[in-house]
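Visitor: Please show me the model, and let us go through the terms used to describe it.

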Amino acid sequence: MDLEKTIMSLCLAKGVSGDESEAAELAISMLKEYTDDCYIKNGNVIGHFGAKGKKPHVLIDAHIDQIGLVVTHITEEGFLKVSNCGGIDRRILAAQQVIVMGKVPVNGVICSVPPHLETDESKVPEMSDICIDVGMSKEQAEQVISLGDKIVFTPHCEKLLGDRISGTSLDDRCGVAAVLRAMDIVKEKTLQCEVTVLLSTQEEVGERGAKIAAFDIEPDIALAVDVSFALTSDDSELKCGKMGKGCMIGFAPSLDRELSKQFKEIAERNELPYQIEVMNGSTGTNADRFSVNKGGAKAVTLSVPLKYMHTPAEVISVSDVENTARLIAAYLEEVK
Amino acid sequence: MDKELLKELCLINGTSGDEDKVREYIISKIKDFCEYKVDPLGNIIAEKKGADRAKNKVMISAHMDEVGMIVTSVKADGTLTLSAVGGIDPRVAIGRPVVVGESGLCGVIGSKAVHNMTDEEKKTAPKFSTIYADIGAADKAEAEKYVQLGDRVYFKSGFEITENGFVSGKAIDDRFGCAAMIEMIRSELPYDCTFTFVVQEEVGLRGSRTAAFTVDPDLAIVLESTTAADIPLAEGEKRCCELGKGAVVSYMDRSTIYDKELYRLSAEIASEKGIGRQTKTMVAGGNDSGAIHISKGGVRTIAISAPCRYLHSPVCAARLSDLKDCEKLAAAMLEKMCQL
């Protein structure tokens, strides 16, 4: 598979939390290359691999949803008032191009305050002040837009220098791509245990898709493939990994220490670059749900370092996605 | 209004001092319909023959440049520090894709992840002194292979005109004026007149100053875009002007007190011909009129502007009906002013 192309096409698909179908349909069409036993249940994409019923049952997850906005009100003049769907940085909203997922997709722009009205340029708007201009009257808007429609930042994806890519929803479409690439690497191999791939909904609003899918899947071991912070000059080295230096393996009180160590050891043995990401409690990823599913599971986070998280200009290095996929594949080849 | 022409013009990148591609495009469209020259600053001065000789020399002007950013240094980690070219609110600069330099490198202006911000940081808007562009360079040495100090940085925005005539995209200020003038030059005009496509409006009305000196007109029309604030965040007179209410003709802004007779004439013509016309409810902003009306011994000047929301941001919004009203009013005013 062409990993870069896969990431870029996943990134262009729209899928705000709770409205992931476009991204999910694209992802399942890609997953079908590797298994016929796959389907969408309650929005989650699920695919089965390996020796059915054979322990341990390994779950590999990446979330399919992305942050966005939701329509809460249409004003008398036809502007849309909104609320956030996931962790939105209000500072970056003004003058962004968006698509309202109405009966038909409607292009819009987030209103910004013109300079003659703004005496204080350091002010950040409250979410209640954010409104979207779709160039329609209220009557026109109501014909195509309903309250509850999701709003996505107009998708884009570009190649930067080297192997770096920028796009709107690399969190976590690059994780989805890493999972697909891992299954691509092991497609000729006979796996010794049961493996289930989960591309889950609603991570950004509280890991809800992961919770209900894990209940059905009942994994013994769960790998949460997500993104984490790559260092930028305005951030702290204590919180960030480094772009281009490989998969970030999570160590945290809520993760299984032996599993984390096993991934570190596999990375070293296979000469794959890796970084250790230490968290001091829960992880803010789907791993938090998997570890306490039913009677419990051993969980680890495998994260692709990403810059500018939750802005429409996220940046990753394709090599980090490839190395994350290789690490997952190496694990699958030896887990029994 | 030729929608394709407007779209193509808006999508060209050309900030102040870097208008070359806009100029080349305009020349390709007008060269068979007028005599033109390019002055030392880069202004296009085009003489259009009409059916008759005009009693007064009338100059009609629009600016080619748009707001943008400029690379001021390369940091150790390969990111680029930026300054604004023209009036950009730094709050509309972060979290979006950009195009860097003459070769059109893709980049982004990012922002530290919201997860890692303090409550205070979340409530504080960025400043140009703290933002930077990322082209994916691993370090300073790699970035310097592709970028030179002084390279321009442009927002990468889509451009759209919907079926109900809603126009959105970058640089409508003032490629709308350029598009309208190209169409006038390509049409039959009743009288001779001079068209100037000028540079560097956004950094202090600089191109229009030399163009007006060279042309030495009796009267002038500036075709522009002006701030409309008819959005939920503003009420009453703070809205300044509104989309869908027609061409904006000001009596006064921060750079010009407009010629009273021309101001009244615009009202008469608009009502006589049924052209939408409004005025601003605030004294705000400014445009090339500021340089033109005090050129040499003085030039009687009027500005006809398209109301435009989110001016100087990566996505301006306008209405096609207003653009058409501006064109109609400009054509009618031009005809009258030639014979005043």
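Guide: In chain B, a closed barrel of 6 strands follows the order β4-β5-β8-β7-β6-β9, with antiparallel pairing. Neighbouring strands of this sheet are turned by 45° against each other on average, direction ignored; the axes are lines fitted to C-alpha atoms. This is a predicted model, in which local features need pLDDT of at least 70 and side-chain atom pairs count only at pLDDT 80 or more, while totals for chains, interfaces and linings use all residues. Residues are numbered from 1 along each chain as its sequence is written, and chains are lettered from A in the order in which they are written.

Visitor: What makes β7 (residues 105-109) and β8 (residues 132-134) of chain B joined strands?

Guide: Strands are DSSP runs of E, at least two residues long, numbered from the N terminus, and two of them pair if DSSP finds at least two bridges between them. Antiparallel β7(B) and β8(B) have 2 bridges, so they meet this rule. Ile109(B) has Ala133(B) as its bridge partner in β8(B).

Visitor: Why is strand β3 (residues 58-63) of chain B called largely enclosed?

Guide: A residue is buried if 20 or more other C-beta atoms, placed from the backbone, lie within 10 Å of its own C-beta. In β3(B), 6 of the 6 residues are buried, so the strand is largely enclosed by the rest of the structure. In a regular strand, side chains alternate between the two faces of the sheet. Val58(B), Ile60(B) and Ala62(B) are buried on one side, and Met59(B), Ser61(B) and His63(B) on the other.

Visitor: Which strands run parallel to β3(B)?

Guide: β13 (residues 219-227) of chain B is joined to β3(B) by 4 bridges, and β12 (residues 193-198) of chain B by 5.

Notes
Axes fitted to C-alpha atoms, helices over the stretch in contact; angles between N-to-C directions. Buried ≥ 20, exposed ≤ 12 C-beta atoms within 10 Å, placed from the backbone.
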